[in-house]
Amino acid sequence: MELVLELRGLVKEFPGQRAVDGVSLSLARGGFYSLLGPSGCGKTTTLRMIGGFENPDAGEVVLAGNVVNGLKPYQRDVSTVFQSYALFPHLTALRNVEFGLRERGLKDCTARAMRALEMVRLADKRDRRPSELSGGEKQRVALARSLVLEPKLLLLDEPLAALDPKLRREMRAELKAMQRKTGITFLLVTHDQEEALSLSDYVAVMNKGRIEQFGTPEEVYLRPATKFVAGFLGTMNWFGKTGVRPESTRLSRTGEGLAAKVESSLFLGNCINVNVVLEDGSRVVAAMGLEHNNFHEGEAVWLHWLPSDELHFQ
Amino acid sequence: MALFFLLPLVIVFACSLLTRGDYGGVEQPWTLESYLRILDPLYLAIFWRSLWIATVATALCSLLGFPLALFVARAGKRRNLYLQLVLLPFWTSFLVRTYAWLFILRDTGLVNTVLLRMHLIAGPLPLLYNDGAVLLGLVYNFLPFFVLPVYAALERLDPALAEAAADLGARPWPVLWRVIVPLSAPGIMAGAVLLFIPCLGAYLIPDLLGGGKTVMLGNLVQNQFTTARDWPFGSAASLVLMLLSALVLAGLVRSRVARELL
């Protein structure tokens, strides 16, 4: 397995806080990886240390076998898609894509930039300025501008956060297709668990400057290693130290199980969410099929689940 | 607006079309003679000289002011402190500051005294009463007018743009030339005009630091109203000065429009 990137005990401190607190991570060539966590968990700072915009206080960034600590962004064979896209407003879409090729003194800059624009289906917008492009188009130009350089590693900092929900889902599919097509290793930073789970081959869940779990989307969702991961990925019903996913939580009228009272029943299109209150006042949600859309507010129900669906944490 | 701006302008325009009185003031008949006199090579030279000095002062201010504005914009927490320092000279009178240069530059002034005491020079250097002294005075006094708009333009730039340029492989100089300078161009243009116009009409600085030798347009106008007692010609000269300034402004507006259209 060829490693594109290795992080060895990365630490970054800002006045008054340790933003990144010993992050180690290995990325194999050609994969789609995510750093997932709440805001302030250190994921963006980690990405900026890989890109060369911040210097780690301790630890090493190893790119394709070489320690790159201290190298400037322009000396690193990685490229970043910024959250704000950071397209040059005074240049057309084509000139934006050409920018890096020209800086590297490569030949056929314009032809290569055109091919990259065609890949993101924006060849007809080549002469538009960023201000004349829609959010999704800007996003694709930013992607083309980085991909045209064929970096060893593409860093994406919350690339879909600025898009509206429908466009976000479309761009998600496009990102995945682009990664598979180019074979370039992608490292995505996001706070959106659905985005991380749907796109990635591997997800690193971060909290308070540390990686809590690194694994496939199935692993981190179905077998969360810590209580934080279990709570951050999807919704979790807590019964003390035992967690049960809403889709594993069942309601019945038989009188067996934990007694509860229906608070509300929400129709979500593909399923219904029944919110119930236990006798101790804690709230639990059960996600069920549409055939169960017959629970009424105030109705007495009983909760049950399979022992195999229980998740236990210390 | 009409009272304080248009009325004086109309009076000056009327004066410029009349004949000079023997002891100042203006008399009948109406004539275009004052405007024709501006075409005299002696006066054309003064116009040309003023344009030239204002241009050089603007160029020098740009070279000094842009790096200064960039430095302030990137100073992080100290940004406000540096901004205050740039504005500090405005706390004293323009006249006092210009006189201070007299004491620094004259033959028995600070620079010459120190150099003489150190035996680095045999006699005092001619630092005062030449074009160099006038340029120094102009650059010193009007630099903040350039720095402030450029700083404002730089401060508005998304820092991610410079980072993106570096990320795409641009070294610091190309980042400056290909991204930062073009994107702060409106601020640079505004600063250059704010600088050029007062330099063109400068009167006190060439009078004090240039001695009698470096006559600029402002001095010409002043002389006509005082020693020469030729109000019509002074009025005509000041209107032409205004016209030049207006042309520079119009040029700026047009170039902005042109940039939007491109």
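## Reading exposure, salt bridges and a pocket

Q: Which class of exposure does E60(A) fall into, and what is the relative accessible area behind it?

A: E60(A) is partly exposed, because its relative accessible area is 30%, a value that falls between the limits of 20% for buried and 50% for exposed. Please keep in mind throughout that this is a predicted model, with every value computed from it.

Q: Which residue forms a salt bridge with E60(A), and where in the chain do the two members sit?

A: The general idea is that side chains of opposite charge can pair when their charged atoms come close. In this structure E60(A) pairs with R8(A), and the closest N and O atoms are 2.9 Å apart. The pair joins distant parts of the chain, since E60(A) belongs to strand β4 (residues 58-63) of chain A and R8(A) to strand β1 of chain A, 52 residues away in sequence. R8(A) counts as partly exposed because its relative accessible area is 37%.

Q: How many salt bridges does the structure hold over all chains, and which parts of chain A does the one between R29(A) and E2(A) link?

A: Over all chains there are 26 salt bridges. In one of them R29(A) meets E2(A), with 3.0 Å between the closest N and O atoms; R29(A) lies in the loop between β2 (17-28) and β3 (32-36) of chain A, whereas E2(A) lies in the segment before β1 (3-14), so that the pair spans 27 residues and links distant parts of the chain. R29(A) is classed as partly exposed because its relative accessibility is 41%, and E2(A) is likewise partly exposed, with a relative accessible area of 48%.

Q: Which helices of chain B are linked by the salt bridge of R49(B) and D131(B)?

A: The side chains of R49(B) and D131(B) come together at 2.6 Å, N to O, and they link helix α3 with helix α7 of chain B across 82 residues of sequence. R49(B) counts as partly exposed because its relative accessibility is 26%, and D131(B) falls in that class with 32%.

Q: Which residues are linked with E163(B) in a network of salt bridges?

A: The network is made up of K12(A), R48(A), E54(A) and E163(B).

Q: How much space lies in the largest pocket, and which residues are closest to its centre?

A: The largest pocket holds about 650 Å³ of space. It is lined by 33 residues, of which R74(B), P159(B), A162(B), E163(B) and I180(B) are closest to its centre; E163(B) is also a member of the salt-bridge network just described. Two or more residues of the lining come from each of α3 (41-73), α7 (131-156), α8 (159-167) and α9 (172-183) of chain B, and α9(B) gives the most, with seven. By residue class, the lining divides into 20 nonpolar, three polar and 10 charged residues.

Q: Is L161(B), in helix α8 of chain B, buried or exposed?

A: L161(B) is counted as buried because its relative accessibility is 8%, which lies under the 20% limit. L161(B) and V175(B) are separated by 14 residues in sequence and by 9.1 Å in space, C-alpha to C-alpha.

Q: Which residues make the nonpolar surface patch of about 720 Å²?

A: The patch is made by L81(B), L85(B), L88(B), F90(B), W91(B), F145(B) and L194(B). Of these, L81(B) sits in helix α4 (residues 79-87) of chain B and is partly exposed because its relative accessibility is 48%.

Q: How many residues of helix α1 of chain A are buried, and what follows the helix?

A: Helix α1 (residues 43-51) of chain A is mostly covered, with seven of its nine residues buried, among them L47(A), M49(A) and I50(A). After α1(A) comes G52(A), whose phi is positive, near 95°.

Q: Where do Y85(A) and E150(A) lie, and what phi values do they have?

A: Y85(A), although not a glycine, has a positive phi of about 70°, and its place is in the loop between β6 (78-81) and α2 (93-103) of chain A; it counts as buried because its relative accessibility is 6%. E150(A), also a residue other than glycine, has a positive phi near 45° and lies in the loop between α4 (135-147) and β7 (153-157) of chain A, where it counts as exposed because its relative accessibility is 58%.

Key: Residues are numbered from 1 along each chain as its sequence is written. Chains are lettered from A and ligands numbered from 1 in the order in which they are written. This is a predicted model: local features need pLDDT of at least 70, side-chain atom pairs count only at pLDDT 80 or more; totals for chains, interfaces and linings use all residues. Side-chain values use heavy atoms; hydrogens and water are left out. Patches are made of residues with over 30% relative accessible area and no salt bridge: like charges are joined within 9 Å, nonpolar side chains (Val, Leu, Ile, Met, Phe, Trp, Tyr) within 5 Å. Accessible areas come from the Shrake-Rupley method with a 1.4 Å probe; for residues, only the protein chains shown count as cover. A salt bridge is a side-chain nitrogen of Lys or Arg within 4 Å of a carboxyl oxygen of Asp or Glu. Helices (H or I, at least four residues) and strands (E, at least two) are DSSP runs, numbered from the N terminus. Buried means under 20% relative accessible area, exposed over 50%, partly exposed in between (1.4 Å probe, protein chains only). On a 1 Å grid over the protein atoms alone, a cavity is a set of points where a 1.4 Å probe fits but cannot get out, and a pocket is an open set with protein on both sides within 12 Å along at least five of seven lines; lining residues have an atom within 4 Å of a point. Grid points are joined across faces, edges and corners, and a volume is the space filled by probe spheres set on the points. Ala, Val, Leu, Ile, Met, Phe, Trp, Tyr, Cys and Pro count as nonpolar, Asp, Glu, Lys and Arg as charged, and the others, Gly among them, as polar.
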